[in-house]
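Hi,

Here is the structure I promised to pass on to you. Have a look at it first, and my notes follow just below.

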Amino acid sequence: MLYQQIDDKLDEKRDWALRRQLGIPNNKKLWVLACMDERLPVEKALGIGEGDAHIFRNAGGLVTDDAIRSAMLTTQFFGTKEIIVLNHTECGMMTASGDFLSEVLQDRGIDVDAVEIDPALPELKLPKGVFSTWIKTFTDVEDICLKQVELLRNSALIPQEVAIHGYIWEVETQSLRRPYERLSEKVNTALAMGAKTTQRVKVLT
């Protein structure tokens, strides 16, 4: 009956707006850690839609203190049971070292050893000389993806039963893959395809 359809839609609207109050997790009970790069379409890459996941993005898609904070909240209190780390090729965090970036900031008049890293918590300070490391640049997107998975798995703030995996989005092919599994290196060569050969042997009599 019509009233049932109307009531169902109103209930869905209520549950959507009040899902935190009602203790309703996101649709897939999923938290995604991804890079902030505009070429990384998180929902498209993972095949998910609106409401399916809590998505946390930062420069590089890296495990930081705030990433751990968000992961802790979503897994401990919001019903999340799975974490996906999503890194991508041609990431800007590979274009310069932390030391180089620190020098640039210092040349611009910023004292990197005295700057507040969290204006809301001025008591949080980095030890002298650590700023370059805090920026968290890296040189290999395959390796960094696997390392982020391990950091999350080893965090005492994330339940051990949470499933955690990492993937790479190739901006050049617009496709998803596992770390260190480039299909382009496996196709269109005889060696990769295990080509069979024969060798004629002349029998002398």
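Helix 4 (residues 65–76) lies across three strands: strand 1 (30–35), strand 2 and strand 3 (82–88). Relative to strand 1, helix 4 runs at about 165°. Please keep in mind that this is a predicted model.

What sheet do those strands belong to? It is an open one, with five strands in the order 2-1-3-4-5 and mixed pairing. Strand 2 (53–58) and strand 5 (175–177) stand at the edges; each has a single partner strand, so one side of each is left without a neighbour in the sheet. From one strand to the next, the twist averages 25°.

At the strand 5 edge, strand 4 (residues 163–170) pairs with strand 5 in the antiparallel sense, over three bridges. Trp169 has Leu176, in strand 5, as its bridge partner. Helix 7 (residues 141–153) also packs on the sheet, where it touches strand 1, strand 3, strand 4 and strand 5. The direction of helix 7 makes about 160° with that of strand 4.

Now for the aromatic rings: searching the whole structure turns up two aromatic pairs. One of them joins Trp31 and Phe56 in a tilted arrangement, 5.9 Å centre to centre and with 40° between the planes. This pair links distant parts of the chain, since Trp31 sits in strand 1 and Phe56 in strand 2, 25 residues apart.

Finally, the surface: Leu2, Ile6 and Leu10 form a nonpolar patch there, with about 300 Å² of accessible area together. Leu10 is found in helix 1 (residues 2–17).

Enjoy exploring it!

Best wishes

Note on methods: Residues are numbered from 1 along each chain as its sequence is written. This is a predicted model: local features need pLDDT of at least 70, side-chain atom pairs count only at pLDDT 80 or more; totals for chains, interfaces and linings use all residues. Side-chain values use heavy atoms; hydrogens and water are left out. Patches are made of residues with over 30% relative accessible area and no salt bridge: like charges are joined within 9 Å, nonpolar side chains (Val, Leu, Ile, Met, Phe, Trp, Tyr) within 5 Å. Accessible areas come from the Shrake-Rupley method with a 1.4 Å probe; for residues, only the protein chains shown count as cover. A salt bridge is a side-chain nitrogen of Lys or Arg within 4 Å of a carboxyl oxygen of Asp or Glu. Helices (H or I, at least four residues) and strands (E, at least two) are DSSP runs, numbered from the N terminus. Two strands pair if DSSP finds at least two bridges between them. Axes are lines fitted to C-alpha atoms, for helices over the stretch in contact, and angles run from 0 to 180 degrees between N-to-C directions. Contact means heavy atoms within 4.5 Å. Rings of Phe, Tyr and Trp (its six-membered ring) pair if their centres lie within 6.5 Å; planes under 30 degrees apart count as stacked, over 60 as edge-to-face and the rest as tilted.
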